[in-house]
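Reader: I would like to learn how to read a protein model feature by feature. Could we take the sheet, then a strand, then a single residue and the pockets?

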Amino acid sequence: MTASINFAELSWPEVRDLQGGPQVVVLLLPVGVVEPHGPHAPLDVDSIISLGTCARAARALAQDPNLRALVLPPISYGITDYASSFSGAIGVRDETLGALVVDVCSAAMKAGFPRIVIVNNHFEPEQVATLRRAVAGLNNGGSAKVAYLDLTRRANAERLGNEFRDGSCHAGRYETSLVLAERPELIDTAKMAGLPPLHVNMPEAIAEGRTDFLAMGMADAYCGSPSEATPEEGHERFVTLSQMLVDLVRDLARD
Ligand SMILES: [Zn+2]
């Protein structure tokens, strides 16, 4: 039996042995949303990317004698107002998402695991704001050391390719490549190949008050260039994403 990287696959005595044990434990909390991602990709894209990033980072750290990174079960429900005109958008209210994140992290802290990294790949501004608020609240007083892997920060965004950096990025080349690398059976590659590139500056559209995919001109619930996606690019992006997460985990463990 090899040690699992997934928290919920441990038995309770294994968790008890980690509490107060010699290794610094850092928990990784993947967050996504159930949201339409083009006609070629599954609703679960963002959770798949968050989980894939967490799993790779945990595996990369598995040989570290002083550190143990464990992946919590994901929070796969998020805020999806922009996609609500499409079939399959199953969202929750911001207070629901915020309360769930706070409750899960508070329970982990109470159990002796104050170091937690939230790994989110759904960038609807209300989702990001809710997660940031939750992190700020958790870190305000008490022993929590909760971090948010902020991929939209310029220094990080610039490492993730032009499409991501330019914000014309929803079920396009970037996200589709990542899913092709992790769960290829979930991409309809014939449909993908036939999708024309569609440039939509999402941050600008949102700033102008167009907060619905249809109003943004995304008639098929995607933008960017899904037909250019490849599994090779997905693997490369996962290397970068998991490297960012490993760096953040090491920072948190040193604190
Ligand atoms: Zn997405």
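Reader: How many bridges join strand β3 to β4, and in which sense do the two run?

Author: Before we start, please keep in mind that this is a predicted model. As a general idea, strands of a sheet pair through backbone hydrogen bonds, either parallel or antiparallel. Here, strand β3, which covers residues 115-120, is joined to β4 by four bridges, and the two run parallel. You can follow the pairing residue by residue: Ile116 stands opposite Val146 in β4, and Ile118 has Tyr148 of β4 as its bridge partner.

Reader: With which sense, and over how many bridges, do β1 and β3 pair?

Author: That pairing is parallel and extends over five bridges; within it, Val31 has Asn120 in β3 as its bridge partner.

Reader: What is the order of the strands in the open sheet?

Author: The sheet has four strands in the order β2-β1-β3-β4, with parallel pairing. The strands at its edges are β2 (67-71) and β4 (145-148), each of which pairs on one side only. From one strand to the next, the twist averages 20 degrees.

Reader: Which strands does helix α2 lie across, and which does α4 touch?

Author: Helix α2, made of residues 45-60, lies across β1 (24-31), β2 and β3, and it runs at about 165 degrees to β1. Helix α4 also packs on the sheet, where it touches β1, β3 and β4, and its direction makes about 160 degrees with that of β4.

Reader: Are the residues of β3 buried or exposed?

Author: To judge this, look at each face of the strand in turn. On one side of β3 we find Arg115, Val117 and Val119, and on the other Ile116, Ile118 and Asn120, all of them buried, which leaves both faces covered. Put as a count, six of the six residues of β3 are buried.

Reader: Now a single residue: where does Tyr82 lie, and is Tyr82 buried or exposed?

Author: Tyr82 sits in the loop between β2 and α3 (94-110). Because its relative accessible area is 4%, and buried means under 20%, Tyr82 counts as buried.

Reader: Which residues is Tyr82 in contact with, leaving aside its neighbours within four places in sequence?

Author: Tyr82 is then in contact with Glu124, Pro125, Glu126, Ile206, Thr211, Asp212, Phe213 and Met216. Distance along the chain and distance in space are separate things to read: Tyr82 and Pro36 are 46 residues apart along the chain, and their C-alpha atoms are separated by 9.9 Å.

Reader: Let us turn to the pockets. How many residues line the largest pocket, and which lie nearest its centre?

Author: A pocket can be read through its space, its lining and the elements that supply that lining. The largest pocket holds about 630 Å³ of space and is lined by 26 residues, with Phe123, Thr152, Gly167, Met202 and Pro203 nearest its centre. Two or more lining residues come from each of α4 (125-139), α5 (154-157), α6 (162-166) and α9 (202-207). By class, its lining has eleven nonpolar, six polar and nine charged residues.

Reader: Which element gives the most to the lining of the second largest pocket?

Author: The second largest pocket has about 180 Å³ of space, and among its 17 lining residues Asn162, Glu163, Phe164, Arg173 and Ser225 are closest to its centre. Helix α6 gives the most to this lining, with four residues. The lining of the second largest pocket divides into five nonpolar, six polar and six charged residues.

Conventions. Residues numbered from 1 in each chain as written. Predicted model: local features only at pLDDT ≥ 70, side-chain atom pairs only at ≥ 80, totals over all residues. Heavy atoms only, no water. 1 Å grid on protein atoms, 1.4 Å probe; cavity = no way out; pocket = protein on both sides within 12 Å on 5 of 7 lines; lining within 4 Å. Points joined across faces, edges and corners; volume = space filled by probe spheres on them. Nonpolar A, V, L, I, M, F, W, Y, C, P; charged D, E, K, R; others polar. Pairing = 2+ DSSP bridges. Axes fitted to C-alpha atoms, helices over the stretch in contact; angles between N-to-C directions. Contact = heavy atoms within 4.5 Å. Buried < 20%, exposed > 50% of the residue type's maximum accessible area, 1.4 Å probe, protein only.
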